[in-house]
Amino acid sequence: MENNSPDNKINYVELFISKFSEIMKNMGYANLLIAGKTGVGKSTLINTCFREDLADVGIGKPVTDKIRCYEKEGFPLRIYDTVGFELTNFEKCKDEIYSLYEKQIEKGDKNGLIHAMWYCISSEGTRIEQTEIDFVNAISEKIPTIIVLTKSMNKKCAEDLKKIIESKNTKAKNTVILLAENFYYEDDNGKEIILKSFGLDRLIEITFDLIPQAQQTAWINCQKSSLKIKREKAQQIVLLTVAGTFAEGYIPLPFSDFWTIIPTQITMIASITSVYGFPFSKALLTGIVSSIIGTSGTTYLGKLLASNIIKLIPGIGTVVGGAIDGAVAGLLTKALGFAYIKVMDMIYEGKLSKEDFENGKSKEKFKEIYVEELKLLKNRKG
């Protein structure tokens, strides 16, 4: 008798790692230009917004006399920094940005284009020079620009400065007030007060809307300030997987061969993993597959389906040994995807550690979340 176990057909760990690597390789780059006078906090802003400290990599690659590019291998973001920008040389800096932009256009490589600019102004200064307005307006003709008010320890002063800027009718797409790092100070009684950082998520989300769709996944991956856009992209991946693969007309699948849809689910999980952008070792990727899907044929998921989860779906208990249709396969896949998103959220929020995947402790937690997702989806359908 032929052995139909997928043990003899697919190594799911290798498939997952292969899919994940392929997605990351093809992700491309998001490219951000950052400008502002010396001391406005550009480096701090970069290192608090993104999951890699690009501002700490040393001297960036010179692009022009006034522009350097900072990047890291395997990280889908390039930062173009206007080195030594001052009001006395803004015309030269503007011309170099224009020249760089035109060269990128000529190459026709969307991954090489600068997709947005942050122009940083310290809120401590409480003013903006007309020369800065002219610079922002000039660059905004070519590149979508956001004015970023940094070091906003005094929110009222920052709000007043924002009103002044808006009264100038700049061509910037938006003005964002933020404090990149927690600020500590003492009150009149010597008690330490903490002003928590704020505004980073809003800056990331506004910039996301300005970036071309083809580069948005790279932007989502590289940033660490907005869980919202990571979650929304991950949910979109799940819904597109279900809609594209498990339509009502999907050929009925022998229940004993349910494992044949797992490669599709692995691709979905690999895509979601790439969105969250955690540092992933091979041990962690292996742990994810072991906890979520299983390492081979008689998968963890398959064992769950053969036991209590199967009872959650009306009618499915009567077709064991028969077949399941696309609607059921889609329901199971959607529950798997949504459960995995919740697990990724927990890692992002520090409620679950990456080590829990590596040592197997996450398996029961995932099972609990997966069963709960199936119940929720079943109730919505009912």
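Select helix 3 (90–107): in this predicted model, helix 3 gives the most to the lining of the largest pocket, with 4 residues. Add strand 4 (77–82), which, like helix 3, supplies at least two residues of that lining.

Next, display the whole lining: Lys61, Val63, Cys69, Glu71, Arg78, Tyr80, Leu100, Lys103, Gln104, Lys107, Asp109 and Gly112. These residues surround about 310 Å³ of space in the largest pocket. Coloured by class, the lining shows 6 charged, 4 nonpolar and 2 polar residues.

Now turn to the largest nonpolar core, which has 78 residues. Select Leu45, Phe50, Leu77, Trp118, Trp219 and Ile272, the members that touch the most others in this core. Then add helix 12 (residues 326–348), from which the largest share of the core, 13 residues, comes.

Centre the view on Leu45. Which residues does Leu45 touch, not counting those up to four places away in sequence? They are Ile34, Trp118, Cys120, Val148, Leu178, Ala180, Leu200 and Leu203.

Apart from the largest core lies another, of 28 residues. To find this second core, select Tyr80, Phe135, Ile143 and Ile177, which are among its members. Tyr80 has already appeared on this tour, in the lining of the largest pocket.

The last stop is a hairpin. Select strand 8 (residues 183–186) and strand 9 (residues 192–195), which pair in the antiparallel sense over 4 bridges. Tyr184 has Ile194, in strand 9, as its bridge partner. Between the two strands of the hairpin are 5 residues. Finish at Gly190 in the turn, where phi is positive, at about 80°.

Conventions
Residues are numbered from 1 along each chain as its sequence is written. This is a predicted model: local features need pLDDT of at least 70, side-chain atom pairs count only at pLDDT 80 or more; totals for chains, interfaces and linings use all residues. Side-chain values use heavy atoms; hydrogens and water are left out. On a 1 Å grid over the protein atoms alone, a cavity is a set of points where a 1.4 Å probe fits but cannot get out, and a pocket is an open set with protein on both sides within 12 Å along at least five of seven lines; lining residues have an atom within 4 Å of a point. Grid points are joined across faces, edges and corners, and a volume is the space filled by probe spheres set on the points. Ala, Val, Leu, Ile, Met, Phe, Trp, Tyr, Cys and Pro count as nonpolar, Asp, Glu, Lys and Arg as charged, and the others, Gly among them, as polar. A nonpolar core is a set of buried Ala, Val, Leu, Ile, Met, Phe, Trp, Tyr and Cys residues joined through side-chain atoms within 4.5 Å. Buried means under 20% relative accessible area, exposed over 50%, partly exposed in between (1.4 Å probe, protein chains only). Contact means heavy atoms within 4.5 Å. Two strands pair if DSSP finds at least two bridges between them.
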